[in-house]
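Dear colleague,

Please find below the sequence and the structure that I am handing over to you. My notes on what was found follow directly after.

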Amino acid sequence: MTEEQRKRWLARRKLMAAKAARAKALPIQGQKAGAKPKHAARPAPVKLAPPPPPAPTVIEIAPPAERMTLKARHWGLIASFVLAVILPTVLSIWYLVAIAQDQFASRTGFTVRSEEGGSATDLLGGLASITGGNANGDANILFEYIQSQEIVRRLEDNVNLNQMFAQNWPNDPVFALWPDASIEDLVWFWDRILKVSFDQGTGMIDLEVRAYTPQDARTIVQEIVAASQELVNEINANARDDLMRYAESDLAAALERLKGARQALTEFRTRNQIVDPNADIQGQMGVVNTLQQQLANALIELDLLTGRTPEGDPRLEQAERRIEVIRERIASERADFVTNQLSDGGRDYPALLAEYEGLVVDQQFAEETYRSALAALDLARDKASRQSRYLATYVAPTMAESAEYPKRLMLIGLIALFLTLIWSILAMIYYSLRDRR
């Protein structure tokens, strides 16, 4: 059954149901209006016709697709590919093959060596090469110097970089330098023709320079090596000057310290009128020893008199008086060493001895410092007499026999690859925006 047949069947069924409802609502013939019927007449049952059988399903088959043809958007996509990829690639091939001039490369390699090294470096072994030493620090300076404006200015003064690389202008505007370029332009162009690498572990520097002739490339490399050697010599000279200046300054300071210590000791001796307090103390101790000997003799004499002479003998009183005087003198002499009371000479031996010992220690330390400063100065003179850093060239500047640059096949491949990628991205962006409309 189709949809149209089903609708007609439903409409017929609704019509029949409406007629049956009207017939039921009409009064029976012969009965007054408003009277109650004796017997309500039942409406005759309405027989509905059965629905027609369903019609067979008809499957509609779409007509065959038309033959594919290129539309306007396809032609636009092809035209954009030709304009954005093929045409620039063809122009690049034509320029690289027909216009770009050959360039020759010269290479060299060198490092900064140092003769300095001690047992600590030998014990550390490979750790010094990992952490980097003084030689690697000089190599870092040299690496930055090769790429700096200073060496570009030196090359401009010695080999005339501007004239050397502007000879193909304007025939080769991509790879040539324009005439009368400023120093900033030369530095920018120097980064294009120079390729330098530096190994932090070994301190080796490898560089490559390109020019339009093999002789020019080798001349530039030789000038770089000469400038690097001069820089290393200048660093070496500055290091020697600093070493000598610091050694001489330390020696002068040690000498002044020694003079001050000796002068303080001399003033102490002049003020106290003692050359050596130790010797003076030894003399004082000799006096005490003598008094003790005299005391012992006096005691012996007293013992001898006590057994032979009666009491009240003047000799006993004299002997006792002598013993008492000697003991007082011994006590007085010892008091000069163990107390802070001044003796008759106005000297306080404990403080005097402490001051003297401090001055002697200062003088000895100043003498040791002076001797160390003298040894350091001799060592500095020995180091300054020889070159502790030097440039070791392990690859001499090379002379090219064939042109290596520009690398035409590589440049053409890179240009085609990047143009294709850019065109593909733009095409996908265009179609994504088109599908959103």
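Aspartate 180 lies in the loop between α7 and α8. Please note that the model is a predicted one. Phi of aspartate 180 is near 55°, a positive value in a residue that is not glycine. With a relative accessible area of 76%, aspartate 180 is exposed. For context, most residues other than glycine have a negative phi, and most peptide bonds are trans.

The loop between α7 (161-165) and α8 (183-193) also holds proline 170. The peptide bond that leads from tryptophan 169 to proline 170 is cis, with omega near 5°. A cis peptide bond also joins tyrosine 405 and proline 406, where omega is about -10°. Proline 406 is placed in the loop between β4 (389-395) and α13.

A positive phi is found at asparagine 160 as well, with a value near 60°. Asparagine 160 follows α6 and sits in the loop between α6 and α7. Its relative accessible area is 27%, so asparagine 160 counts as partly exposed.

Helix α6 itself has two distinct sides. Its buried residues are Ile151, Val152, Arg154, Leu155 and Val159. Because these cover an arc of only 160° around the axis, they lie on the same side of α6. Glu150 and Asp157, on the other side of α6, are exposed.

Arginine 154, one of the buried residues of α6, leads on to the salt bridges. In general, side chains of opposite charge can pair when their charged atoms come close. A search of the whole structure finds 13 salt bridges. In one of them, arginine 154 pairs with glutamate 230, and the closest N and O atoms are 2.6 Å apart. This pair links distant parts of the chain, since arginine 154 belongs to helix α6 (residues 149-159) and glutamate 230 to helix α9 (residues 214-272), 76 residues apart. Glutamate 230 is partly exposed, at a relative accessible area of 45%.

Helix α9 takes part in a further salt bridge, between arginine 262 and glutamate 367. Here the closest N and O atoms are 3.6 Å apart. Glutamate 367 lies in helix α12 (residues 349-384) and arginine 262 in helix α9, so this salt bridge ties together parts that are 105 residues apart in sequence. Glutamate 367 is partly exposed at 21% relative accessibility, and arginine 262 is partly exposed at 43%.

Arginine 322 and glutamate 301 also meet through their side chains in a salt bridge, at 3.5 Å from N to O. Arginine 322 is in helix α11 (residues 314-338) and glutamate 301 in helix α10 (residues 277-308), 21 residues apart. Relative accessibility is 40% for arginine 322, which counts as partly exposed; glutamate 301 is partly exposed, also with 40%. In addition, Arg107, Lys195, Glu208 and Glu404 are linked in a network of salt bridges.

The last point concerns the packing of two helices. Helix α2 (residues 72-99) packs with helix α13 (residues 408-435) at an angle of about 165°, and their axes are 10 Å apart. An angle over 145 degrees counts as roughly antiparallel, and α2 and α13 are therefore roughly antiparallel to each other. The crossing in which α2 passes α13 is right-handed. Sorted by class, the contact between α2 and α13 has 16 nonpolar, five polar and three charged residues.

With kind regards

Technical notes:
Residues numbered from 1 in each chain as written. Predicted model: local features only at pLDDT ≥ 70, side-chain atom pairs only at ≥ 80, totals over all residues. Heavy atoms only, no water. Axes fitted to C-alpha atoms, helices over the stretch in contact; angles between N-to-C directions. Helix = DSSP H or I, 4+ residues; strand = E, 2+ residues; numbered from the N terminus. Parallel < 35°, antiparallel > 145°, perpendicular 65-115°, else oblique. Left-handed = near helix turned anticlockwise from the far one by under 90°. Nonpolar A, V, L, I, M, F, W, Y, C, P; charged D, E, K, R; others polar. Salt bridge = Lys/Arg side-chain N within 4 Å of Asp/Glu carboxyl O. Buried < 20%, exposed > 50% of the residue type's maximum accessible area, 1.4 Å probe, protein only. Arc of directions from axis to C-beta.
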